[in-house]
Every structure is written in structure tokens, then in C-alpha cells.
Amino acid sequence: MQKRLDPEDFAVIEETTDMAARTHGGRAKCLQRLMRLNLPVPKTVALPFQTVRDLASGGRIDTSAILKHFGDAPLLSVRPSSEDPDWGGPGALLNIGMNDARHGEYTNLLGHEAADQLYARFVQTYSVQVAHLDPDAFEVSGDANEVSLRAMLDAYEAEMDEPFPQDPGTQLADVLKSMARAWEGTSARLLRQARGAPADAGLGLVVQAMAPGLGPPESGSGVIQFVTSDRGERQITGRYLSQSQGRDALRDAAAVYLTRDPRGPSLEELCPEAFDKLVEYGTICRTRLREEMQIEFTLDGGNLSILDAVRIQRRPHAAVRIAVALAEDGVISKEEALLRIAPGLLSDLMHRQVDPAAPRDVLASGVAASPGAATGQLVFTSTAAQAAAARGEAVILVRRETSSEDIRGMHAAQGILTERGGMTSHAAVVARGLGLPGVVGASKIALNRRDRTLTTEDGRVFKPGDVVTIDGTTGTVLAGAVPLLEADVDEAFRTLLIWADEVRDIKVRANADSYAEAEVAKTFEAEGIGLCRTEHMFFEEDRLTLMREMIFADSADGRAAALDRLVPMQVADFTELFRLMEDKPVCIRLFDPPLHEFLPKSRDGLRDLADAMGLSLSRVTRIVEALDEFNPMLGMRGVRLGVTFPEIYEAQSAAIFMAAIAASTEARKVVPEIMIPLVSASREVELLRGRIEAVAAAVRTQTGEEFDYKLGVMVETPRAALRTDEIAPQVSFLSFGTNDLTQMTYGLSRDDAGRFMGEYVRQGVFPEDPFHRLDIEGVGELLSMGAERARAAQDGLTLSICGEHGGDPDSIAFCRAAGFDYVSCSPFRVPVARLAAAQLAAADSRKETEPSTDQW
């Protein structure tokens, strides 16, 4: 049995009505605020979420109780009112109440043309949106007239076997039920969830008396806003269209400008009093609603009505500029400005982006590993990327997966695409560090390395030289050259981050493996380098040869001889880095990757290596095969290399100490931070600490210079996290490497997890990719236990994370709550981390006296 709803299940919106966005939706609440500000809003009734849910479930409402609030023979509109306007909703329906009798009345009052348009519009939208009839049967070429109106009414009767409904109560009931059911439909639910709405998000409905906008001069409708949506600049924009309704002015070429314009007529000239009032109302909305609003209005014989006001749609650049301008003008506080900007928006300002208005021919999709967009020719090898860069050509490097030997090719490319990988794969980490757009884990493309072709899921084949556009923000690859929006970091961006630094209470460093990356980190005002991966410095041609000589040496003396020639190069690297960062700390991780990463894999590469080493191809092949490991990420790497081949870490430590001496001045002494990777046992730290102390003593004796340094451990294994109480007394700091810690905790390969991670998230196995967002329950517990035990064992210990989670807002919240001293992330994520950290502090200390958005 259908439930009959009570009259109390709706409310007339008045200044004192009990109404909130969480129960009636944002549009209903905003209309109440406009009424409180004495703006001319027509009579409006609001249906709350629960009423709409009941209607969708088959409940009925007494529409006569609603209609009585609008007087005799009203003309009404119904609009959706979701809690957040960005979640969308069913389209508005206008002119409810039009029927044959009202058509006759409006013919006498406004004339045939206006009456025909009012009735035809309602018949058309009702037939298509409520009765779900074929839209083609209700299409009108040009303005509606008596003939086309009659054709629509006949088409409705032919399809429905009954005349078009004439009773306004029936019309209204059908419209309300249709909109309620549309909101609960599967497509609508998926769409709003994609926009960030919860699955059970409610919808309110707003029933409003209409000002027709059709009739005696000056009648019409329009929209007006006072800043631009693309850049947030102060400018009156919008359109006005005579003899129109709703938002027709935005779609009709006959619409006129709002302000005086040499290109054509304007509302300011047609109806200056109404224009002046709109400007006044815009100022009132900005100061009292504390937001830049777009106002929808109607003129009826020169009488102005405000139908709606919504937060203007804005691109990221405009969002930042608007928030900063409102704070600078004293409309909102600095803290409120910080809280209004989603940290991820800053990435859009730092990188080129695909124009949202551009057509998209999607070739492939994968993990959005590094934001930004780039267009270039496809290349399939690092060598080809370097050659193209030398010719001044823009290229997109495509690989099945990348490794350390691809570094130079990645530097040369404009963007990176891989068939395999996830958020913390080699390609993803390097792309973010370089600020390159990156899409990884595009598993539905097929790469043929021999023929050097890329085949898409729909069978298209791409060869070297074919042009594509990579969109690392959305994780898509597009055919051809697509229009791009340039990066734009302006004064508003910098101002917002200055305000962020004033309130945040956790430091932000950057992961930087080269001088160029450190320059970016310094530009974005990172508070130091939290992770410098030294191995990336060894892939230049001259250094790579020396590295291979060291690997092929068959004794400690032979390795030391090769390392002696590498040390001056490392000294130069570190000296540059220390001088660039000035008084900011620099944490250098000692050598981490397995040695086989520095050796070629192809037959041609092995032959070239044999020639360079003066060895037989068979011997080179045997050595390379002997160094190969079944699971290299859990094999001979990190601290295990330092224990087994101590001369490697000793040489690196000496280079760090000599660089610190070279970069120090009388006024500023460099205190380097040395970090030991992949520790599992305190004895590993004990062994290496003794050797590093011996190297420091030797350098002091050799140079006659005194210096200090800090020794720390990169906590990347679950065992290290559990035994921090034993490790902490031997070091000055612990930095949790959450990339490897997540990998080892889950037993997942971060390079291969992309193959199934999407399905795992979709089916609810994981709420989110744990390489993208820190797993608070599992990995987070290890971090909490490790931090608690470490600090109990040693006071004053510095704690941080240096994995890619360091740039994720949710992960930063965890680190802040756990009492970590800093987070470290890719250079281009530093502004994101600074803002996210500031928002956490601002939310905690937000003043109670600041007016809430519901107050008005």
C-alpha cells in the first residue's frame, strides 16, 4: 500500500523556517539566505530528503497543500536541491500548471507568441523527462507556435492514449515523483558518486513560483557573475535574453551582453535600474554569503526576480584566486581560504593540463601516476628518446616497465607510459620527481618490443613517430595532439602557501635525487631534502662505466680502486646539493638497488659491455647471470650491500663528509644526514655505524677539518618497524620508507599490483590502493608501534616518512597525529603537502566565532 505523505513533509521557505543543507539541500538553504538578505525571491516550497526518498519508493503527497501557498492558478518550477551542488541532480522543469485554460489566459495577457512558448516548453519537458517519450516527437524548429504546440499535444495523446494532463496538482505530483525516482536510479547514483557524493546522498526538491520572462518589455531571463570562471578575475560576465526563461540566455546566440559593450546591446542599456540592482545584489551575496555567486534572474515587465544563486563553477586557477581575494578583502579569514582549496587542485596549476573542453579520443587508461599533460611522438626505447630530444622533438616514452637504466630516456621525454606498474613503481616515482606526466599500469595496451608497436584494446596500432597526448591527471592516453592549458603559478598561489606555512605544524621536505630536482624543491620552499637516492647519480655514461668496473672487480681492492675514481664525482654532486639548499637539511640515502640494475640485459648491451671491460662475452654473460636474482627487491640490496661490500658505503660516506667540508662556511656549517636503507636488524646498524665513524675520523685527520653529521635508518621492513627500540639508540633519526614497507607488509609487488588493484578496490577488498593512500590499519599500525617504541628508547629522536605517501593529505593527517616531525615527498607534491598540513592545523584551531555558512 502506498504511503500518503503529510503536509508537514514540505516547508514554505521563509526567513525563520528550520532548514539546513544536510536535510533540504544546498539550493533550498541558499534561497532562504537570499530571502534573509531581502533579495526579491519568489514564493518557494522545499521538500526535504526524506520526503523525496518516500516519493521515490511509491509514496504520494497532497499537492493541493503545496499549491495553496501559491494562490490561484500558479505557474511553477521544480529544481533539484542536493546537499552539494556539485553532485548534480535531475534537470529543472518549468511552467508546471500550464494547461489549455492557462494558455488562453496568457494569450489574452501576453499574446499568442508568449503563451505558445510557455505551454510548448512545458509539454516538451514533461513528455520527455516525466513521461519518458521519444524526444524526436517533441522537437520544434525555431520558436513554438499554435501549430507546433498542437502537434506536441497530439503526439502525447497518441503515445499515452490519454490527453495531456490538465490538472496542476496531477502535473506537480508526476514531476515530483519523476525527479525523485531519477535521483535514485543507478546511473544517477554512479555519476554523483564519481563526483564525491556518498552512496546514500539525499535530494531535496524546490517548488518555486515562476516569473514568466515572456511578455511586456522588458521581460526575459539571464545569469550574472562577477568574476571569471577560468581565472577568477574581477569582471561581470553572463548573458541576458529577452523573452526567455531559465538559463536560455547561455545557449542562445541572440542573448545580449550584461555591461555596455561596443559589440552589441546590453542589459545595462536595456534596463539600467535592473542592472544596477543586480550589481548591488552581487556585492551583498559576496560579503554576506562569503562566496562568489552566479545569480539567475528574471525580468517580468521590468520587475526583477532572483530565482537562484549558486557558487560559480571555477577552474583550479580561479578557485585559488577567489579564495585569496576573499581573504584579502576581509570577507573570510586566511584559515577559511586555506580550507576552501582541495590540495590536489594545486597540482593542476603546476602542470599543463588537457583543456576540459577539448574532444578526447581515449586510446588507453591506467593509473594516474604523475599529474600533468604532454603531447609528443611515441618512442619505445630510452636511446630513441635521447636521440629525439637532441633533435628538439617532443616524445612520449613507452615501456613495458622502466628500470634504472631508463633514467636518461625519461629525462629526455615529455611524458611516460608503461604497460605495467602502480603508484610506487619505478616509472611513477621517477615521473613525479621529474614533474613529468605519467600513466602506468595501462594493462590493456599490447607492446611489441621487436616491431616497436603499441596496439590498443580496440585494435588500433601505433608506431614510432605517431603523436599521442598523455594525461597523467586522469590516467588516460589520447590520440593526436589535444589542446593543453599551460601551467600557471601566480601570486595568489604563492600567497596561499605563505598563509599555509603560517599555520601548519608539521614540516615538509622533498625527495630529490639530482640538482635539478632539488632546485624545484627549493622553488616550492621545501624545508630540506628528506630523501636523496644516490644511485640515480650513477647513470651518466662516464659514471656508469666506473660502476660496472666496480661490479666486475673480483676483490675488495679492485672495487676500492673503481670507487676511488667515483668519489670525486660524488663529492661534486653533494657539494652542489649542500650549497643549493644552504641552511636546510639534506638527508642522503646510501646506495640501495641491487647491482644488476647497472648491467645491460640485451645481447647487444652485453657485447658492448664486454668490449668496454676487455672481457669475453661469455665471461660477462656469466657474471651478469650470477648477479641476477629471483626476487631482487628482497635480495642483495640496501644495507646488505653495505655489510657484504663495505667499501661501497665507506666511499659514499667519505664523499658526503668531504662535500660537507667544501660547502661549509664560517657562518654556516653543513651537517649532512646519512641514512642506511632496508635495515632489518640492529646489528646491521651497529656494523655500519662503526665503519662510518671510522671514515669520519679518517676524513677529519686527512683534511684537518671538524664537522658533524647525523646517522639515521630508513625503516622499510616490518621487522625494523617492530624492533625500533633496539635501532633507535644507535641513530639520530628514523625515516619510514612507506613504499617498501607497504610492499612487504602486504606481500605485494608495487610494480605488478596495478594489474589487479583496480578490481580489488572496486570489489571492496581494499578501500584504496595502499601504494596511493597509506593503509592506516595495517602499515599505519606498524608506523605507530615503531614510532612509540623508538621514542621510548631515545628522547629527541626525529621521525618522518619519505615514501610517496608523504604527499597524500590523508597520510599527512596520520603522520601529524602520530607526532612525526616531517613528511617528505616528490618536489612537485611539496605545495600539496604544505596546504594539506595547514588545513589540518587550521581545522583544529578554527575560531568558534567565525560565522558558519549556515548562519545566513
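In the predicted model, helix H18 (residues 491–503) packs against helix H33 (residues 830–845) at an angle of about 50°, the two axes lying 8 Å apart. Because angles of 35 to 65 degrees fall outside the parallel and perpendicular classes, H18 and H33 are oblique to each other, and their crossing is left-handed. These two elements belong to a chain with 33 helices and 30 strands, whose C-alpha trace spans about 105 × 65 × 60 Å along its principal axes. Of the 856 residues in the chain, 55% are buried.

Several backbone features occur in loops. General expectation holds that most residues other than glycine have a negative phi and that most peptide bonds are trans. Ala-73, although not a glycine, has a positive phi of about 45°; this residue is placed in the loop between helix H4 (63–67) and strand E3 (76–82) and is partly exposed, with a relative accessible area of 41%. A positive phi, of about 60°, is also found at Asp-161, which sits in the loop connecting helix H7 (146–160) with helix H8 (168–184) and counts as exposed at 70% relative accessibility. The peptide bond from Pro-217 to Glu-218 is cis, with omega near -10°, and Glu-218 lies in the loop between strand E5 (203–209) and strand E6 (220–227).

On the surface, a nonpolar patch is formed by Phe-756, Tyr-760 and Val-765, which together present about 250 Å² of accessible area. Within this patch, Tyr-760 is part of helix H30 (residues 754–762) and is partly exposed, its relative accessible area being 35%.

Terms used: Residues numbered from 1 in each chain as written. Predicted model: local features only at pLDDT ≥ 70, side-chain atom pairs only at ≥ 80, totals over all residues. Heavy atoms only, no water. Patch = residues over 30% accessible without salt bridge, like charges linked within 9 Å, V, L, I, M, F, W, Y side chains within 5 Å. Areas by Shrake-Rupley, 256 points an atom, 1.4 Å probe, with all protein chains shown as cover. Salt bridge = Lys/Arg side-chain N within 4 Å of Asp/Glu carboxyl O. Helix = DSSP H or I, 4+ residues; strand = E, 2+ residues; numbered from the N terminus. Buried < 20%, exposed > 50% of the residue type's maximum accessible area, 1.4 Å probe, protein only. Axes fitted to C-alpha atoms, helices over the stretch in contact; angles between N-to-C directions. Parallel < 35°, antiparallel > 145°, perpendicular 65-115°, else oblique. Left-handed = near helix turned anticlockwise from the far one by under 90°.
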